[in-house]
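Here is a short tour of how the aromatic side chains come together in this protein. Have the sequence and the model open as you read.

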Amino acid sequence: MKKLGFVLGILVLLACTHPLVARVRVIRPGNVWLDSSGQQIQAHGGGVIRWHGRYYWFGEDRTRTNDPEKRYVACYFSKDLVRWNSCGQVFVLSDPEHLGKNWVLERPKVFPNRRTGKFVLYFHLDDAKYQFARVGVAVSNRIDGPYTYVHSFRPLGQESRDIGQFIDDDGSAYLIFEARPTRGFFIGRLSDDYLEVSEKMSFIHAPLEGGALVHDKGIYYVVGSHMTGWAPNSNVYATSNTLIGPWTEFKDVAPPEAKTYGAQSTMLLKVEGTKQTTVIFMADIWKPKTLWDSRYLWMPVEIEDGKLHLPAPQPWSINLKTGVTKLK
Ligand code: DGJ
């Protein structure tokens, strides 16, 4: 009897782990997203990069028990974009420019530099009134940190608040940043060592933040949100055949009354599979009073011939080999 139980147990285990019957992993936009140790994922305003067969997700760590004097960037890694393992708080910073109470570190993004072998972390660094308006830069020899603060600056001499990250198909790295005085987005190419923003590609005259970019089938799509603080609004997109522009007018990514389903853009992630290329709209559903409990809205967008549409959020899965997504 005991033996039979053992054999049945083994059979159940084999069945559950067999690729054909293994449980399909599902992304549930807006739900609490737990890491592999059961903790709520802290990667707000974040970015995802692929590195040696793994995805890495970096973002603001707003854990309630964090030291209120410090700011934290967390990192997670995954092979399937669904189950995330924590690599911990990879960057812990104490007010590096004496910005005072409630200083700000937001929207961290990591750029791996193949020339130098370093990993370069960019973030929005500010005081409580958002007047400092600079980027901060930190580096590490390892993707999973620890990162060390290097400097802060105004890219291309401009005020910079929300930042977005873009790595083109040829590997070139760009920062998208919002400059309020000129009311628009700059797209700037990073210097060879990634420690500076060295060249202006575009200035897009549109007062937007939460900038993100993707290059799909020869067309660049830039996405941004209107400036309504933590409150959601209808995010918009424009397109161009080159990073230099000209850019089209901005259009809503979804019905404007949906206000991007309560979310604000942070990144457009391209997954190239054998059957299709999928672009994932990654956004934050902010909860300003309990930022640690802010949620994530990740959805594959419908994208074709210069049109981009964000469907209403619902659970979905992706086959990373083929790139094919399925709504659940
Ligand atoms: C909107 C920005 O996109 C966020 O990153 C954050 O700075 C909030 N504003 C603060 O109100």
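A residue is called buried when its relative accessible area is under 20%, exposed when over 50%, and partly exposed in between (1.4 Å probe, protein chains only). By that yardstick Tyr-76 is buried, with a relative accessible area of 4%, and Trp-57 is buried at 1%. Trp-33 and Trp-298 are buried too.

A word on the model: it is predicted, with local features needing pLDDT of at least 70, side-chain atom pairs needing pLDDT 80 or more, and totals for chains, interfaces and linings using all residues. Numbering starts from 1 along each chain as its sequence is written, and side-chain values use heavy atoms, without hydrogens or water.

Rings of Phe, Tyr and Trp (its six-membered ring) pair when their centres lie within 6.5 Å; planes under 30 degrees apart are stacked, over 60 edge-to-face, and the rest tilted. The structure holds 21 such pairs, including these two:

| Pair | Centre to centre | Angle between planes | Type |
|---|---|---|---|
| Trp-33 and Trp-298 | 4.8 Å | 75° | edge-to-face |
| Trp-57 and Tyr-76 | 6.4 Å | 55° | tilted |

Trp-33 and Trp-298 are 265 residues apart in sequence, so their pair ties together distant stretches. Trp-57 and Tyr-76 are 19 residues apart. Ring pairs link these four residues with Trp-84 and Tyr-296 into a cluster.

Charged side chains meet rings as well, counted when NZ of Lys or CZ of Arg is within 6 Å of the ring centre and within 35 degrees of the ring normal. Arg-64 lies over the face of Trp-292, 3.9 Å from the ring centre, and Arg-71 sits over Trp-103 at 4.7 Å.

Technical notes. Helix = DSSP H or I, 4+ residues; strand = E, 2+ residues; numbered from the N terminus.
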